[in-house]
Amino acid sequence: MTKRILSVSYDDVLLVTRQMLLEKSGYAVTSALGFTKAVEYCQQSSFDLFILGHSIPDVDKLHLIKTFRETCPAPILSLERLGEERIPCDFHTSPHDPQKFIEVVDDILSGTKRTQQQTV
């Protein structure tokens, strides 16, 4: 069964690029541009993974994490800006290496990464 991902960003170009990369790797992706769309999609459907893009301000990431946790048990991967303080979610990675990004997503969805607050 195809894994479903909700990818959230505040930058439409990054959102489209991330969706293409994930779909090329065989995932079903719903892309949400902005906070409101992300919450709407989260409430309408279930997902296997949430990805929070590095263009999202930390305060919005924290609100999205709270909303996602209330709605769905899926893990949350935060893409981090260089030097950014880590927010409390399940996984973190840099968005700058597409191959590494896909490896992290593959590991999370296959259960390879078993530790909460995993730094990947």
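**Close-up views of a pocket and three salt bridges**

**View 1. The lining of the largest pocket divides into six nonpolar, three polar and two charged residues.** Ala, Val, Leu, Ile, Met, Phe, Trp, Tyr, Cys and Pro count as nonpolar, Asp, Glu, Lys and Arg as charged, and the others, Gly among them, as polar. The model is predicted, so local features are taken at pLDDT of at least 70 and side-chain atom pairs at 80 or more, while totals for chains, interfaces and linings use all residues. Residues are numbered from 1 along each chain as its sequence is written, and side-chain values use heavy atoms, with hydrogens and water left out. The lining consists of Leu14, Thr17, Arg18, Leu21, His54, Leu79, Pro95, His96, Asp97, Pro98 and Phe101. A pocket is an open set of points on a 1 Å grid where a 1.4 Å probe fits, with protein on both sides within 12 Å along at least five of seven lines, and lining residues have an atom within 4 Å of a point. Helix H1 (12-24) and helix H4 (98-110) each supply at least two of the lining residues, and H1 gives the most, with four.

**View 2. Glu40 and Lys37 form a salt bridge within helix H2.** The closest N and O atoms of this pair are 3.4 Å apart, and the two residues, which both belong to residues 35-44 of H2, stand three positions apart, about one turn of the helix. A salt bridge is a Lys or Arg side-chain nitrogen within 4 Å of an Asp or Glu carboxyl oxygen. Glu40, at 28% relative accessibility, counts as partly exposed, and Lys37 counts as partly exposed at 35% (buried is under 20%, exposed over 50%, partly exposed in between).

**View 3. Two salt bridges involve residues of helix H3.** Glu70 pairs with Lys66, the closest N and O atoms being 3.3 Å apart; both lie in H3 (residues 58-71), four residues apart, about one turn of the helix, and both are exposed. The side chains of Arg69 and Asp90 meet at 3.0 Å, N to O, in a pair that links distant parts of the chain, 21 residues apart, with Arg69 in H3 and Asp90 in the loop between strand E4 (76-79) and strand E5 (91-93). Arg69 is partly exposed, with a relative accessible area of 39%, whereas Asp90, at 8%, is buried.

**View 4. Confidence along the chain.** The mean pLDDT (the predictor's confidence in each residue, from 0 to 100) is 89, and 93% of the residues reach 70 or more.

Technical notes. Buried means under 20% relative accessible area, exposed over 50%, partly exposed in between (1.4 Å probe, protein chains only).
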